[in-house]
Amino acid sequence: MDQARLTEFMNRFVGDLGATMAAGNIVIGDRLGLYRALAGGPLRPHELAERTGTAPRYVDEWLRGQAAGGYVEYERETGRYRLTEEQAFALTDPDGPVFAPGAFQLAVGALRAEPEIAGAFRSGEGVGWHAHDTGVFDGCERFFRPGYSAGLISTWLPALDGVEAKLRDGGLIADIGCGHGASSVLMATAYPRSAVFGSDYHPESVAAARRRAAEAGLDGRARFEVASAQTFTGGPFDLVTTFDALHDMGDPLGAARHVRRRLADDGTWMIVEPFAGASVGDNLNPVGRVYYSFSTFLCVPNALSQEGGYSLGAQAGEEPMRRIVTDAGFDSFRRVAETPFNIVYEARV
């Protein structure tokens with residue numbers, strides 16, 4: 001045994017164990033407003049507890065762990081804790097371009113299904129999205145919405161051929177697998193002459209999307225139905241969108257064929273997928289680790305719970321998406337934009 005390699009692995013193990021337990025603490029820090037209170041300036045534990053209506057002893061231990069993990073800063077001279085500008089940027093604004101607590105909320109929610117996922121490993125059966133803890137649905141929205149807010153209107157839609165002009169003049173958009181409606185609301189807000197029709201097979205998510213649209217005052221321009229990607233209604237649509245959803249489907253080819261039928265003759269399908277390379281070796285990096293790990297608990301089990309025979313996973317990459325799109329009868333498929341976490345594709349007939 002190579003002692004140096006063993007030491008390296010044990011260091012990795014300790015870091016991962018600390019990160020695993022830190023996830024719950026990060027969710028608590030967000031839920032109880034601890035990060036937001038710290039963003040106002042350095043505080044001692046009892047001051048933070050008083051400001052947030054929490055118990056000092058719990059807050060004291062929480063702060064020590066956060067400082068050890070690099071999520072808050074500790075001032076040795078004063079005994080106060082504080083957030084740097086960068087930490088506050090990533091931890092305190094759910095509407096900003098980055099919001100780390102949402103990702104941890106998603107992770108903690110997903111891990112609650114460990115017994116069911118372990119059982120699925122043995123049986124080969126699936127575990128549907130709807131069967132997960134509510135933290136998965138809420139965390140998914142809070143994790144992905146910042147990226148959509150940062151890129152969808154400013155970069156992704158303008159990258160599509162002729163789509164933005166149609167939406168400014170007044171077009172029809174279908175948002176498939178809309179979840180809580182974050183992407184639907186963004187598009188309906190940005191293009192007030194257009195109408196968005198969101199769909200999701202999960203009734204509770206559709207109900208949440210309707211509430212989001214009502215809160216945004218969209219006056220019926222964002223409507224939602226309970227339907228799968230193979231059965232959504234309406235059209236013909238100028239734009240169909242799928243956000244981090246196609247790889248989750250048991251029958252993505254059936255979905256692609258249905259999209260083609262529902263599109264206008266000159267319509268466009270925008271497919272947003274997790275960033276992935278062409279091979280497993282290309283994805284052996286921190287982002288790939290995140291996506292493979294989430295995919296084991298969420299994406300693959302959901303696909304295996306559905307008919308269709310596919311289980312692409314979150315790191316499927318570009319070529320499987322291209323094959324599905326072309327097999328469904330689309331003539332054009334191209335990559336139009338990317339971020340460290342997503343790739344945006346355009347499909348046209």
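Reply: Let's start with a term we will need: a helix is a DSSP run of at least four residues of type H or I, and helices are numbered from the N terminus. With that in hand, Ile 153 can be placed in helix H8. Please keep in mind that this is a predicted model.

Me: Thanks! How many helices and strands does the protein have?

Reply: The protein has 14 helices and nine strands. Its radius of gyration is 22 Å, close to the 20 Å that the globule rule gives for 349 residues, so the protein is as compact as a globular protein of that length. The C-alpha trace spans about 70 × 55 × 30 Å along its principal axes.

Me: What share of the residues is buried?

Reply: Buried residues are 48% of the 349 in the protein. Sequence separation is also worth a look: of the contacts with a separation of 6 or more, 67% are between residues 24 or more positions apart. As for the accessible surface, it comes to about 16,800 Å², and carbon and sulfur atoms hold 53% of it.

Me: Back to Ile 153, then. Which residues is Ile 153 in contact with?

Reply: First, a general idea about helices. An α-helix has 3.6 residues a turn, so residues three or four places apart point the same way. Now the case here: Ile 153 has 24% relative accessibility and counts as partly exposed. Setting aside neighbours within four places in sequence, its contacts are Tyr 148, Pro 158, Glu 164, Leu 186, Met 187, Ala 190 and Tyr 191. Take Ala 190 from that list: Ile 153 and Ala 190 are 37 residues apart in sequence, yet their C-alpha atoms are 7.2 Å apart in space.

Me: Ala 190 belongs to helix H10, residues 182-190. What covers the buried residues of H10?

Reply: The buried residues of H10 are Ala 182, Ser 183, Ser 184, Val 185, Met 187 and Ala 188. Their cover includes helices H8 (134-159) and H11 (203-215), together with strands S3 (172-176), S4 (195-200), S5 (222-226) and S6 (237-243).

Me: Now for strands. Are the faces of S9 covered or uncovered?

Reply: In a regular strand the side chains alternate between the two faces of the sheet. In S9, both faces are covered: Asn 342, Val 344, Glu 346 and Arg 348 lie on one side, Ile 343, Tyr 345 and Ala 347 on the other, and all are buried. Seven of the seven residues of S9 (residues 342-348) are buried, so this strand is largely enclosed by the rest of the structure.

Me: Which strands pair with S9 in the antiparallel sense?

Reply: Strand S7 (residues 263-274) does so over seven bridges, with Met 270 having Glu 346 in S9 as its bridge partner. Strand S8 (residues 332-338) also runs antiparallel to S9, joined by six bridges, and there Glu 338 stands opposite Ile 343. A hairpin of three residues joins S8 to S9.

Me: And where do parallel pairs come in?

Reply: Look at S6. Strands S6 and S7 pair in the parallel sense over six bridges, and Thr 241 stands opposite Met 270 in S7. Four bridges join S3 to S6, again in a parallel run, with Ala 174 partnered by Val 240 in S6. Seven of the seven residues of S6 are buried, so S6 is largely enclosed by the rest of the structure.

Me: How should I read backbone angles?

Reply: Most residues other than glycine have a negative phi, and most peptide bonds are trans. Here, a cis peptide bond with omega about 0 degrees joins Gly 235 and Pro 236, and Pro 236 sits in the loop between S5 and S6. Asp 219 has a positive phi near 55 degrees, and Asp 244 has one of about 50 degrees.

Me: Are Asp 219 and Asp 244 buried or exposed?

Reply: Asp 219, in the loop between H11 and S5, is exposed with a relative accessible area of 75%. Asp 244 lies in the loop between S6 and helix H12 (252-262) and is buried, at 8%.

Me: One more loop, please. Where is Gln 315?

Reply: Gln 315 is in the loop between helix H13 (286-304) and helix H14 (318-327). Its relative accessibility is 8%, and the cut-off for buried is under 20%, so Gln 315 counts as buried. Beyond residues up to four places away in sequence, Gln 315 touches Pro 274, Phe 275, Ala 276, Asn 283, Gly 288, Tyr 291 and Tyr 292.

Note on methods
Residues are numbered from 1 along each chain as its sequence is written. This is a predicted model: local features need pLDDT of at least 70, side-chain atom pairs count only at pLDDT 80 or more; totals for chains, interfaces and linings use all residues. Side-chain values use heavy atoms; hydrogens and water are left out. Helices (H or I, at least four residues) and strands (E, at least two) are DSSP runs, numbered from the N terminus. The radius of gyration is taken over C-alpha atoms; the globule rule is 2.2 Å times the number of residues to the power 0.38. Buried means under 20% relative accessible area, exposed over 50%, partly exposed in between (1.4 Å probe, protein chains only). Contact means heavy atoms within 4.5 Å. Accessible areas come from the Shrake-Rupley method with a 1.4 Å probe; for residues, only the protein chains shown count as cover. Two strands pair if DSSP finds at least two bridges between them.
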